[in-house]
Amino acid sequence: MLRDMMPLFDLYQPDTLDNALDLADRLGPEGWLVAGGQDSWDWLKNRTRRTRAVVDLSGIAELKGVRETDGGIQIGALTTLTDVQDDPLVRERYGLLATAAGRVASPQIRNAGTLGGNLCQDTRCWYYRGGVDCYRAGGNMCYADTPEGQNREHAVFGASRCVAVTPSDTANALTALDASMVIRSKGGERVVPAARFFVGPDVNIQRMTVIEPGEILTAVRIPGTWAKSAFYFEKVADRAAWDFALLSLSVALKMEGETIRDARLVCGAAACVPWRLEAAESAIIGKTRNDDDIERAAVAAVEGAQPLNFNGFKIPLLSNLVRR
């Protein structure tokens, strides 16, 4: 299925956001937006996707960097994952995001890959990526969700025809931090909470986010709500580098002495979207970190899970991540 040959397309390289918005508006669905290109070039060189035009956003300086806002920070969508990981403001206030960004792939990929690209990347299901005519590709079946399907990496929550998972490590951290995504088009700007930015197959089986043709993700805003909270991030993968998560967990806890006053637990690689473990949160809010409440949270975290033939291991794994 792999052809390893780039198709012909028109290349545009705008150096301002206004020029990029003009191009995105004019080209619509025929214009493929590229940030770092770590996801896009795979699609194009393997010829499982084609496009008439590519709009390379990497030269737009105004979409790069981290700055303080009223009570929080704003991160440009073209800020590299390395810069997110190393930024002093991010590390001081939102260590959860810094840790998650630092667990993406390898140093070489983090040096080129961007925060916006990591959030907007497509799912990695090999049936879909290999050009199979599955539900997500416009077909009429899910090849992973069959008795013979290879589904070790696939969803245990929230599946609706498609069982592929979100591959983004930073998406889970930003959802836990109550971040918002700033989306621009020629018609103006809209700000979408992270919890509504990612969409599952029950909403739109051919998209992973709410971004429409003609729109560009320009920034991520993180409020001061969870600044300097107690954070925990863990990613379980087959290899320490170059690999996508089998399961990950982003945790933010507001502590008052030994009492947990508020909590966010968001799981990655368990569903088509970042999956918030609200039942587990309820089990620990207002409690201290005692063994009984931790055990209740670990059990609650996997309620409603529906494992496939080869990913049942995700159930005890998720419970153990919550305990840790």
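**Figure 1. The largest cavity of the predicted model has a volume of about 70 Å³**. The structure holds two cavities of 30 Å³ or more. Fourteen residues, written here as a count of 14, line the largest cavity. Those closest to the centre of this cavity are Cys125, Cys134, Cys142, Cys162 and Ala164. Rolling a probe the size of a water molecule over the atoms shows where empty space is left.

**Figure 2. Cysteines of the model, in which the count of disulfides comes to zero**. Cys120 takes part in no disulfide, and the nearest cysteine sulfur, which belongs to Cys272, is 16 Å away. The side chain environment of this residue is described by its accessibility: Cys120 is partly exposed, with a relative accessible area of 32%. Cys162 is likewise in no disulfide. For Cys162 the nearest cysteine sulfur is again that of Cys272, at 4.9 Å. Because a disulfide requires two cysteine sulfur atoms within 2.5 Å, the separation of 4.9 Å leaves Cys162 unpaired. Cys162 counts as buried, its relative accessibility being 6%, and Cys162 is also one of the residues closest to the centre of the largest cavity.**Figure 3. An open sheet of five strands in the order E4-E5-E8-E6-E7**. The pairing within this sheet is antiparallel. Strand E4 (66-69) and strand E7 (188-193) form the edges, and each pairs on one side only. From one strand to the next, the twist averages 25°.

**Figure 4. Pairing of strands E6 and E7, with helix H1 on the sheet**. Strand E6, made up of residues 180-185, is joined to E7 by six bridges in the antiparallel sense. Within this pair, Ile183 stands opposite Arg190 of E7. Helix H1 (residues 17-27) packs on the sheet and touches both E6 and strand E8 (216-222). The direction of helix H1 makes about 125° with that of E8.

**Figure 5. Strand E10 and its antiparallel partners E9 and E11**. Strand E10 (residues 247-256) is mostly covered, with seven of its ten residues buried. Strand E9 (residues 230-236) is joined to E10 by seven bridges. In this pairing, Phe231 has Ala252 of E10 as its bridge partner. Nine bridges connect E10 with strand E11 (residues 259-268). Here Met255 has Ile260 of E11 as its bridge partner.

**Figure 6. The hairpin of E10 and E11**. Two residues lie between the strands of this hairpin. Gly257 takes a positive phi in the hairpin, near 65°.

**Figure 7. Positive phi at Lys228 and Trp242, two residues other than glycine**. Most residues other than glycine have a negative phi. Lys228, in the loop between E8 and E9, has a positive phi of about 60°. Lys228 is exposed, with a relative accessible area of 56%. Trp242 is placed in the loop between E9 and E10, and its phi is near 65°.

Definitions and conventions
Residues are numbered from 1 along each chain as its sequence is written. This is a predicted model: local features need pLDDT of at least 70, side-chain atom pairs count only at pLDDT 80 or more; totals for chains, interfaces and linings use all residues. Side-chain values use heavy atoms; hydrogens and water are left out. Two strands pair if DSSP finds at least two bridges between them. Helices (H or I, at least four residues) and strands (E, at least two) are DSSP runs, numbered from the N terminus. Axes are lines fitted to C-alpha atoms, for helices over the stretch in contact, and angles run from 0 to 180 degrees between N-to-C directions. Contact means heavy atoms within 4.5 Å. Buried means under 20% relative accessible area, exposed over 50%, partly exposed in between (1.4 Å probe, protein chains only). On a 1 Å grid over the protein atoms alone, a cavity is a set of points where a 1.4 Å probe fits but cannot get out, and a pocket is an open set with protein on both sides within 12 Å along at least five of seven lines; lining residues have an atom within 4 Å of a point. Grid points are joined across faces, edges and corners, and a volume is the space filled by probe spheres set on the points.
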